[in-house]
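The following exercises ask the reader to work from a structure to statements about it. Please attempt each task before reading its solution.

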Amino acid sequence: MLNQPDEIMAAFRGTALDGMDVDPVPDCDVLAVQWPDPSDVLTGWRAARDVMAVTGRRPVAVSDNYELGFPEVEPAALARIETAAFSLDPWPGMYGRESDEPVETVNLETVSQLLGFWRTGPEWNPDALARELLPGIPASITWNGLNRHLLDQIWDDPARLAQLSHPGGKETSGALNWYIPDHVYLALLPTTSAWSPMTWLDYFGEDNHQVLAACLQQWHQAWGAELVASWGTMLQFVSTRRPRFGPEAWNLARQQLALGGSLQIPQISLAWDLAHTNAWFLHDRP
C-alpha cells in the first residue's frame, strides 16, 4: 500500500486525476484528493479505482466526512470487520424494521399507480395492464402483498413484461438518481476490500460497521457492487451485474429498502429499477 502523497500522485499520472494534489488527512491513515466536478463523481472514482492495485487504497467520494476527519482503525478492528463480512447474516435485523400497512382501497387507480413506475410519455398508460390484473387481487391485502402479487403475475409473462417495457416510458423511475453535493473529495482508504470501506465512514441508516460489511460483501459477491460515494445519509454504488426482474430483483429491492428507509418507492418499482440500471442509490435520514 502506498502511503506517501507523491507516490499516489505518480500512480495517477495519465488518468483523470493527473496533477491533482493528494493530501494526508490528520490523525488517520486516509489520504484525500479534491475532485473538481461534483456532477461527475464517477469519472474521478473510476480513475482512482483503476489504479487501486498499485496504490493499495480504495477510493470513496465524500464531502463532510473529509472535513470532519476519519477514525484511526486498528488492524484488529479491521480483522473483525472482515470476519463479520463473511459470517454475519445482516438481514433478519434489517427486515425487522419493515412495516406493512393494509391497502385501504384496491381499485384501478391504486394498481395503475404501482404499475406506472413513475413513467412519462404520451404513449405510456398502465391502465390496460391494471384492468387485466385487478380481478385477481384479493379485496383485503397489505401493500407488500399487493406489490408481490403484481410482480408474481408479471415477471415470467412475456406479454405483460412487454407492456411494462413500452417505448413510451422511461427505463427507470428516477428514484435511484444520484445526489450531487457542493464539493467532493476522494478519500483514499487504507484497504482494497469492497466491503470494509464503511469502517471509516458513517451512514445514518446503519451504524454497525460489521452489519454494513456483511451487506456490502453479499452485494459485491452477487452483483459486483462497489461503494462509490458516502454522503452521511446517502450511499451510492455501481454494480457489474443486474438481477432479473422477478424474485431476485424483488429480494434485492427488499434489502435496499431495509437499509434505505427514505427511498419512498414501492418495492415492485425498485425491483424494476434495479433490473434496469447499474447505479444504486440508498437514502436514510432522520
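**Exercise 1.** Against which elements do the buried residues of α13 pack?

*Solution.* The model is a predicted one. Begin with the helix itself: α13 spans residues 267-274, and eight of its eight residues are buried. Among them are Gln267, Ile268, Trp272 and Asp273. Next, look for the partners of these buried residues: they pack against α7, α9, α10 (158-164), α12 and β7 (279-283).

**Exercise 2.** Determine whether Ser112 is buried or exposed, and describe its surroundings.

*Solution.* First, locate the residue: Ser112 belongs to helix α7, which covers residues 108-116. Second, apply the cut-off: a residue counts as buried under 20% relative accessible area. The relative accessible area of Ser112 is 10%, so Ser112 is buried. Third, list the contacts, setting aside residues up to four places away in sequence: Ser112 touches Pro126, Asp127 and Ala130. Finally, examine the polar contact, in which the side chains of Ser112 and Asp127 are paired at 2.5 Å.

**Exercise 3.** Determine whether Asp27 is buried or exposed, and state where it lies.

*Solution.* Asp27 sits in the loop between β1 (23-24) and β2 (31-35). The cut-off for an exposed residue is over 50% relative accessible area. Asp27 has 72%, and therefore it is exposed. Beyond its neighbours within four places in sequence, Asp27 is in contact with Phe70 and Glu72. As for distance, the C-alpha atoms of Asp27 and Asn147 are separated by 49 Å, while the two residues are 120 residues apart along the chain.

**Exercise 4.** Which residues have the most contacts inside the largest nonpolar core?

*Solution.* The core in question comprises 92 residues, and those with the most contacts inside it are Phe70, Leu150, Trp219 and Phe245. Helix α11 (residues 209-223) supplies the largest share of this core, seven residues. Now take Leu150 as an example: outside its neighbours within four places in sequence, its contacts are Val111, Leu114, Leu115, Leu133, Ile137 and Ile268. As a general background, nonpolar side chains in soluble globular proteins tend to be buried together.

**Exercise 5.** Which element gives the largest share of the lining of the largest pocket?

*Solution.* The volume of the largest pocket is about 610 Å³. It is lined by 21 residues, and the closest to its centre are Glu98, Ser99, Leu257, Ile265 and Gln267. Two elements give two or more residues to the lining, namely α9 (143-154) and α12 (247-259). The largest share, four residues, comes from α12. Sorted by class, the lining holds eight nonpolar, seven polar and six charged residues.

Note on methods: Residues are numbered from 1 along each chain as its sequence is written. This is a predicted model: local features need pLDDT of at least 70, side-chain atom pairs count only at pLDDT 80 or more; totals for chains, interfaces and linings use all residues. Side-chain values use heavy atoms; hydrogens and water are left out. On a 1 Å grid over the protein atoms alone, a cavity is a set of points where a 1.4 Å probe fits but cannot get out, and a pocket is an open set with protein on both sides within 12 Å along at least five of seven lines; lining residues have an atom within 4 Å of a point. Grid points are joined across faces, edges and corners, and a volume is the space filled by probe spheres set on the points. Ala, Val, Leu, Ile, Met, Phe, Trp, Tyr, Cys and Pro count as nonpolar, Asp, Glu, Lys and Arg as charged, and the others, Gly among them, as polar. A nonpolar core is a set of buried Ala, Val, Leu, Ile, Met, Phe, Trp, Tyr and Cys residues joined through side-chain atoms within 4.5 Å. Buried means under 20% relative accessible area, exposed over 50%, partly exposed in between (1.4 Å probe, protein chains only). Contact means heavy atoms within 4.5 Å. A polar contact is a pair of N or O atoms within 3.5 Å; within protein, one must be able to donate a hydrogen and the other to accept it, and residues adjacent in sequence count only if both atoms are side-chain atoms.
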